[in-house]
Amino acid sequence: MRSPSKAQKIKNKKSKTKMASLTSTTAAAVAGPARRRSLTVRASATSVKLSGRPLKVAVVGGGPAGGAAAETLAKGGVETILIERKLDNCKPCGGAIPLCMVDEFSLPLDLIDRRVTKMKMISPSNVAVDIGRTLGPDEYIGMVRREVLDDYLRSRAKAAGAEVVNGLFLKFDAPQERNGPYRIHYNHYDGVKGERGERRTIEVDAVVGADGANSRVAKEMGAGDYEYAIAFQERVRIPEEKMEYYRERAEMYVGDDVSPDFYGWVFPKCDHVAVGTGTVTHKADIKKFQAATRLRARDKIEGGKIIRVEAHPIPEHPRPKRVSDRVTLVGDAAGYVTKCSGEGIYFAAKSGRMCAEAIVEGSANGTRLIDESDLRKYLEKFDKLYWPTYKVLDVLQKVFYRSNAAREAFVEMCADEYVQKMTFDSYLYKRVVPGNPLDDIRLAVNTIGSLVRASALTREMKKITL
Amino acid sequence: MASFSPPLSSTLPTSLNRAHFSRRNWLCFIQKRNQSLFLAKSTENGAGSVSSIATEEKQESSPVAVAGKKEEGAKKAESLSLNGTASVKAEVPSFKDERWVGGTWDLKQFQKGGKTDWDAVIDAEVRRRKWLQDNPEASSNNEPVVFDTSIIPWWQWIKRFHLPEAELLNGRAAMIGFFMAYFVDSLTGAGLVDQMGNFFCKTLLFVAVVGVLFVRKNEDIENIKKLIEESTFYDKQWQATWQDENSPGNSGKN
């Protein structure tokens, strides 16, 4: 189809020049809700002062989002209870964290199993491009084991004063009166005999839903549904010589055979690799895509043994409603996963922290009751800070994951040093930095050139039969 | 689009029969340890018709479950059963062409009259991509693919792809322009020069040019509508949580 690609080209060109002036225009545009905000009358300064007790908040879910939220809440003087259903959970996950997360959350370096400094992008016709030449000696993508990271963040929350409870959240009862408590029902497992656990209730002033893609809190509060991708992954233990190749290298395979709207990956873990793929639109064919991914990586994982198979949903966009009265969502439960790369750990932890900061501030360190406007402040802050990142990745996905032709162009573009530098800058530090405008124009021209060539070849491909 | 029955099997297009053949060189042969597949070689200057017969080889169930059991493996034991047993070479035919050397096209073999025949390079790459689309291959570190389409000079792309299209579109624009100019002249009496001075006519001209550029097939109208909707869809999803606030208007996030 020629016209769509032409329209895409124009859109792409706009987006490339847009990237250059992204900060200015989107900052102005994004101030929209903020301007609206100042007109509302409700102010937390006039909210009820709690007498004799601090604000009590329940954080449901003990992953990165829950752990970060609980720690910040506890540090801010709020009485926090963190409810996690499985304290040794190995959540199926790519496990990649950007550099800024290590800094912002003061993660100890021994948490990171591997430092990926090279990535290989492989196109549908196996054109392989190495990216990572522009990385400095101290720059890397950290690969972590989720069970290790989650446990560490929870232990920090506990050290700050949060109560960590092993339990399964069931439901909550909405408050009877305006400033009344939420009553949470959960199955308590800690030190209780038998598998069922003991049904308990507690009363809290606010609930933070950090329980992941299948969030129960979201269901309880009527947050609505989102589209999600299925990520399917196999952990493969490969021979030592082959593992050497993956010591600092991750691979990304694109192609219709591997996934119609996402990518297949080989990520190194502590002593094995994770081979996986994902899709939104063709979930029923996920096994086929996985087989295709294994085929593409065949020579490099030959002789490997599958030690674990896992799958998990990944949200594609935020839920329609992320806050309702004094209940709010953070992390995957809210749907903060980027398009194109599918990154979620950093945004989960950051949103947990930002939500907790908003609660601490709105409650004046736990002395006053909060209300919905305080939680909306967190949403506003998060949306404003990260909207450019999400939008740019969305545009990239729409343009480059569209078809095999676009994917070929994508891999070709990745060979360009400027692209590599911009990509890593925006991934590692989460900032969309406008570069030199001349370079941007050259990049736009090259991108359009790649897309045009690739789609021209694809049109020819349709004409022939082998 | 490649589609495979799970798990990956060496599915090949069945009963290919090449009736037409271009003047390009193209040499492709497939090795197979089992007798079920062969492809005849075509010769140089070949207007030979090549036929190939392929049969499918059905793989049985998912490789995960297969761990260790595939010993009737004269055929299979395909490397998908990653369980440490000796992996036999998979029965997927791989792309072979004598001009594909070291992961890229050897331009010296495309010489025609002392200069590189870029058209032939384009054709060869098209064939390679088509082959790989139908039969994905494992990417290899020993023979990495390093071909970049930008080695083909820009004027070749223009000559081959852009010019025919441009001719078509210019032809359409000219026909529309002539007819509309005549039609407007007959209605209003304004000649071509007078029409160009009129704002409304200039707008019509702009619309006609844009229309010819963007609407080339019937489906394009739908595609453009979908594209416009798509470009703002993500924004709407993000703003959904602000909609239930009782504030008027829509937030301009983008």
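Start with chain A. Of its contacts with a separation of 6 or more, 73% are between residues 24 or more positions apart. Keep in mind that this is a predicted model.

**Stop 1: chain A as a whole**

Colour chain A by secondary structure. It has 14 helices and 18 strands. Now show its surface. About 17,800 Å² is exposed, and carbon and sulfur atoms supply 53% of that area. Chain A has 466 residues, and 63% of them are buried.

**Stop 2: two helices side by side**

Select residues 64-75 of chain A, which form helix α3. Add residues 146-160 of chain A, which form helix α5. Two packed helices are described by the angle between their axes and the distance between the axes. Here the angle is about 15°, and the axes of α3(A) and α5(A) are 8 Å apart. Angles under 35 degrees count as roughly parallel, so α3(A) and α5(A) are roughly parallel to each other. Their crossing is left-handed.

Turn on side chains. On the α3(A) side, pick P64(A), G67(A), A70(A), E71(A), A74(A) and K75(A). On the α5(A) side, pick R146(A), L149(A), D150(A), L153(A), R156(A), A157(A) and A160(A). The residues of this contact divide into seven nonpolar, one polar and five charged.

**Stop 3: a proline in a loop**

Go to P92(A). This residue is in the loop between β2 (79-84) and β3 (96-97) of chain A. Which residues does P92(A) touch, not counting those up to four places away in sequence? They are E310(A), A311(A) and H312(A). Now select S259(A) too. P92(A) and S259(A) are 167 residues apart in sequence. In space they are 19 Å apart, C-alpha to C-alpha.

**Stop 4: two positive phi angles**

Most residues other than glycine have a negative phi. Two residues of chain A are worth a look here.

Select C340(A). Its phi is positive, about 70°, although it is not a glycine. C340(A) lies in the loop between β18 (327-329) and α10 (345-362) of chain A. Is C340(A) buried or exposed? C340(A) is buried, with a relative accessible area of 7%.

Next, select A364(A). This residue is not a glycine either, yet has a positive phi of about 50°. Look for A364(A) in the loop between α10 and α11 (372-400) of chain A. At 37% relative accessibility, A364(A) counts as partly exposed.

**Stop 5: chain B**

Switch to chain B. It has six helices and seven strands. Trace the sequence and the pattern reads β-β-β-α-β-β-β-β-α-α-α-α-α. Chain B has 254 residues, and 41% of them are buried. Its exposed area is about 14,800 Å², with carbon and sulfur atoms supplying 60% of it. Among contacts between residues at least 6 apart in the sequence of chain B, 56% join residues at least 24 apart.

**Stop 6: where a helix of A meets a helix of B**

Show both chains. Select residues 437-463 of chain A, helix α14, and residues 118-134 of chain B, helix α2. Their axes come within 9 Å and cross at roughly 75°. That makes α14(A) roughly perpendicular to α2(B).

Now display the side chains. From α14(A), choose A454(A), L457(A), E460(A) and M461(A). They meet I122(B), D123(B), E125(B), V126(B), R129(B), K130(B) and Q133(B) in α2(B). By class, the contact of α14(A) with α2(B) has five nonpolar, one polar and five charged residues.

Conventions: Residues numbered from 1 in each chain as written. Chains lettered and ligands numbered in written order. Predicted model: local features only at pLDDT ≥ 70, side-chain atom pairs only at ≥ 80, totals over all residues. Heavy atoms only, no water. Axes fitted to C-alpha atoms, helices over the stretch in contact; angles between N-to-C directions. Helix = DSSP H or I, 4+ residues; strand = E, 2+ residues; numbered from the N terminus. Parallel < 35°, antiparallel > 145°, perpendicular 65-115°, else oblique. Left-handed = near helix turned anticlockwise from the far one by under 90°. Contact = heavy atoms within 4.5 Å. Nonpolar A, V, L, I, M, F, W, Y, C, P; charged D, E, K, R; others polar. Buried < 20%, exposed > 50% of the residue type's maximum accessible area, 1.4 Å probe, protein only. Areas by Shrake-Rupley, 256 points an atom, 1.4 Å probe, with all protein chains shown as cover.
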